[in-house]
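Me: Got a minute to go through a structure with me? I'd like to ask about whatever catches my eye.

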Amino acid sequence: STLATQNSLGVRNLIINGDMRIAQRGTSSTGVTGNGYYTVDRFDVGGGTLGTWTMSQDTDVPSGQGFSKSIKWQCTTANTSLSATSFFDMHQSLEGQNLQHLKYGTSNAESLTLSFWVKSNKTGTYQYNLYSSDNSGKAVNGSFTINVSNTWEKKTITYNGDTVDSLDNDNGRSLDIQLIMVAGSDYTGGTSSSSWTTWTNSQRAPDLTVNLADSTSNYINITGVQLEVGTTATPFEHKPYDMELARCQRYYQRFKGGGAFTSGIVGCYNGTTQLIGLHHHIVPMRASPTFGFSALSHFDLEPFDAQPTALSGNGTGNLYQASVTATDPTARVRGYGGTITCDNAAGYFDFSAEL
């Protein structure tokens, strides 16, 4: 059958973690007001002056569809009077080298179909656009309407391919799929376009009729996000957990704290107070990552049980390994072995190569 053939062709869904199962950073973030990655992997937040939100990985899902998780946005501080520059979107960025089969820049450019499940108390029209960062901000508009409050609904949007401009064949950011939930007047005064055009600000959310930030009763849940070649939405592509986790770890890897010698980076003293550890990434990362950590108080330098006074990544590293330096408050003997241990349950260290 056609469906069997489609399912046998490998990865159809261009979205990573569309079923919201992977949340390496944690299951809930409060006080969200602007840009950044917070909970569910691969879904970024953009905007500002939009109220305050709690972003969480939720267990509310559409019945009988095979999902166990959704992403939820709950407004916790309302903004009933948006400024002209208020803007709030959730998006995922896609690598150009994974999009060459779309044949953009040719007469054979492929259409793309987005499908997803959504639930909100706030009925009305929302914006879901496709944006190209490779081509001076070209984009194509899409929208959907939540018809019934507090009810899971499946939505489908089809976007035309760009026959004029190609996408870079590299590991950089090429396409964004953007869900816009709040937008001020600077972004809503234009007209939507079903063909690729260079955006002005007013064309970002021309179809948006709701302000999801206007009440602390407002929320939105989303799951089953799938973006695929063609004009027909096929059933969601459920992939094994380990496969989806590895795809997320290409962009971000977090290592949570535990006991001494259970979570950390092994190395040796390159100087009397400098312990340098070499970390091997679980999977090769998209690009040389940046290093981050929770707090110095969550770390000890073993076997001396000394809290480091500084902790940092070294240089640019590579896709497979990174070195980390910890400063010991006490002089040791150069050549001693040691472990930069994260021995607090609330602690973590991480590596990020997000787009």
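Reply: Sure, here's a run through its cores, its largest pocket and a couple of loop residues; keep in mind that this is a predicted model.

Me: Let's start with the inside. How many residues are in the largest nonpolar core, and which have the most contacts there?

Reply: The largest nonpolar core has 52 residues. Those with the most contacts inside it are Trp53, Trp73, Tyr128 and Met181.

Me: And which strand gives the most to this core?

Reply: That's β12, residues 173-183, which puts in seven residues.

Me: Is there another core apart from that one, or what else is there? Which residues are in it?

Reply: Another core, of 16 residues, lies apart from it. Phe299, Ala326, Ile340 and Ala353 are among its members.

Me: Back to Trp73. What does Trp73 touch, leaving out residues up to four places away in sequence?

Reply: Its list includes Trp53 and Met181, plus Val32, Val45, Phe88 and Met90. Asn218, Tyr219 and Ile220 are also among the residues Trp73 touches.

Me: Switching to pockets. What volume does the largest pocket have?

Reply: About 230 Å³. There are 15 residues lining that pocket, and the closest to its centre are Leu14, Ile16, Asn98, Arg247 and Tyr251.

Me: Where does the largest share of the lining come from?

Reply: From strand β6, residues 87-95, which supplies four residues.

Me: How does the lining divide into nonpolar, polar and charged?

Reply: Six nonpolar, five polar and four charged.

Me: OK, new topic: Asn141. Where is Asn141, and is it buried or exposed?

Reply: Asn141 is in the loop between β9 (138-140) and β10 (143-146). It counts as buried because its relative accessibility is 9%, and the cut-off for buried is under 20%.

Me: What does the side chain of Asn141 reach, then?

Reply: The backbone oxygen of Gln203, at 3.1 Å. There's also a polar contact of 3.2 Å between the side chains of Asn141 and Asn129.

Me: Which other residues does Asn141 touch?

Reply: Setting aside residues up to four places away in sequence, Tyr128, Tyr159, Trp199, Arg204 and Pro206 are among them. Thr191, Ser192 and Ser193 are on the list too.

Me: Last one, Gly230. Where is Gly230 found, and what does it touch?

Reply: Gly230 sits in the loop between β14 (219-229) and α2 (241-249). Not counting residues up to four places away in sequence, it touches Ser111, Leu112, Thr113 and Thr158.

Me: How many residues apart along the chain are Gly230 and Leu114?

Reply: They're 116 residues apart along the chain, with 9.6 Å between their C-alpha atoms.

Key. Residues numbered from 1 in each chain as written. Predicted model: local features only at pLDDT ≥ 70, side-chain atom pairs only at ≥ 80, totals over all residues. Heavy atoms only, no water. Core = buried A, V, L, I, M, F, W, Y, C linked by side-chain atoms within 4.5 Å. Buried < 20%, exposed > 50% of the residue type's maximum accessible area, 1.4 Å probe, protein only. Helix = DSSP H or I, 4+ residues; strand = E, 2+ residues; numbered from the N terminus. Contact = heavy atoms within 4.5 Å. 1 Å grid on protein atoms, 1.4 Å probe; cavity = no way out; pocket = protein on both sides within 12 Å on 5 of 7 lines; lining within 4 Å. Points joined across faces, edges and corners; volume = space filled by probe spheres on them. Nonpolar A, V, L, I, M, F, W, Y, C, P; charged D, E, K, R; others polar. Polar contact = N/O pair within 3.5 Å; in protein donor to acceptor, adjacent residues only side chain to side chain.
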